[in-house]
Amino acid sequence: MSASMRILDIPQRPHPRLVAEFAKMVTPHLSDSMERLYAGGPQLRPMHKEGKLAGPAFTLKTAAGDNLLVHKALDTAQPGDVIVGDADGLVAVPQDIAERVLASAKSILEKETASMK
């Protein structure tokens with residue numbers, strides 16, 4: 001398979017508790033907690049009704065107009081996976097720093113919440 005067309009499986013799935021905690025956060029707090037190294041831009045758009053996603057990223061890259069890998073990803077992804085296809089702009093938290101990023105994002109949220117009272 002060409003390097004320009006691929007699906008990357010999730011080698012180690014995060015604990016569901018960690019995913020649930022990240023779901024409570026907002027993108028700017030996570031981005032700031034990772035020194036804005038992994039944050040995306042406004043190009044990333046949800047393709048669902050809720051407007052917020054949290055879960056392991058099941059990534060794919062394919063050629064424009066070719067949806068074969070999209071269908072393969074839909075067949076292969078597990079419940080709770082977030083399928084991210086050929087897009088720049090997402091918050092991808094590396095698992096080795098996930099706990100630290102979550103603690104920092106919670107701290108930012110607490111400070112912002114307190115300042116709004």
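Me: Where is the place of Ile 83, and what makes a run of residues a strand?

Reply: Ile 83 belongs to strand 3, which covers residues 82-85. A strand is a DSSP run of E with at least two residues, a helix a run of H or I with at least four, and both are numbered from the N terminus. The model is predicted: local features need pLDDT of at least 70, side-chain atom pairs count only at pLDDT 80 or more, and totals for chains, interfaces and linings use all residues. Residues are numbered from 1 along each chain as its sequence is written, and side-chain values use heavy atoms, with hydrogens and water left out.

Me: Why is Ile 83 called partly exposed?

Reply: The relative accessible area of Ile 83 is 34%. Buried means under 20%, exposed means over 50%, and partly exposed is what lies in between (1.4 Å probe, protein chains only). The 34% of Ile 83 falls in between, so the residue is partly exposed.

Me: Which residues of strand 3 point to the face of Ile 83, and which to the other?

Reply: Ile 83 and Gly 85 point to one face and are not buried, while Val 82 and Val 84 point to the other face and are buried. In a regular strand the side chains alternate between the two faces of the sheet. Strand 2 (residues 57-61) alternates too: Phe 58 and Leu 60 are buried on one face, whereas Ala 57, Thr 59 and Lys 61 are on the other and are not.

Me: How do you know that strand 2 and strand 3 pair?

Reply: They share four bridges, in the parallel sense. Pairing needs at least two bridges found by DSSP, so four meet the requirement. Among the partners, Thr 59 is bridged to Val 84, and Leu 60 to Gly 85.

Me: What makes Ile 83 part of a nonpolar surface patch?

Reply: The patch is made by Val 70, Leu 74 and Ile 83 and comes to about 230 Å². Patch residues have over 30% relative accessible area and no salt bridge; nonpolar side chains (Val, Leu, Ile, Met, Phe, Trp, Tyr) are joined within 5 Å, like charges within 9 Å. At 34%, Ile 83 is over the 30% limit, and therefore passes on area. The areas come from the Shrake-Rupley method with a 1.4 Å probe, and for residues only the protein chains shown count as cover.

Me: What makes the meeting of Asp 81 and Arg 13 a salt bridge?

Reply: Their side chains meet at 2.5 Å, N to O. The requirement is a side-chain nitrogen of Lys or Arg within 4 Å of a carboxyl oxygen of Asp or Glu, so 2.5 Å qualifies. The pair links distant parts of the chain, 68 residues apart: Asp 81 is in the loop between helix 3 (68-76) and strand 3, and Arg 13 in the loop between strand 1 (6-8) and helix 1 (16-23). Asp 81 is buried because its relative accessible area is 14%, while Arg 13, at 30%, counts as partly exposed.

Me: Why do Glu 21, Lys 24 and Lys 106 count as a network of salt bridges?

Reply: Glu 21 is bridged to Lys 24, with the closest N and O atoms 3.0 Å apart, and to Lys 106, with those atoms 2.6 Å apart. Lys 106 is in helix 4 (residues 98-115) and Glu 21 in helix 1, 85 residues apart. Both distances are within 4 Å, so both pairs qualify. The three residues are thus linked through salt bridges. At 16% Glu 21 is buried, at 53% Lys 24 is exposed, and at 30% Lys 106 is partly exposed. The whole structure has four salt bridges.

Me: Is Ser 33 buried or exposed, and how do you know?

Reply: Ser 33, in helix 2 (residues 27-33), has 4% relative accessibility and therefore counts as buried. Its side chain reaches the backbone nitrogen of Ala 105 at 2.9 Å. Not counting residues up to four places away in sequence, Ser 33 touches Arg 100, Val 101, Ser 104, Ala 105 and Ile 108, where contact means heavy atoms within 4.5 Å. Thr 27, also found in helix 2, is partly exposed at 46%.

Me: What is the pattern of the chain, and how many helices and strands does it have?

Reply: The chain has four helices and three strands, in the pattern β-α-α-β-α-β-α. Buried residues make up 24% of its 117 residues.

Methods
A polar contact is a pair of N or O atoms within 3.5 Å; within protein, one must be able to donate a hydrogen and the other to accept it, and residues adjacent in sequence count only if both atoms are side-chain atoms.
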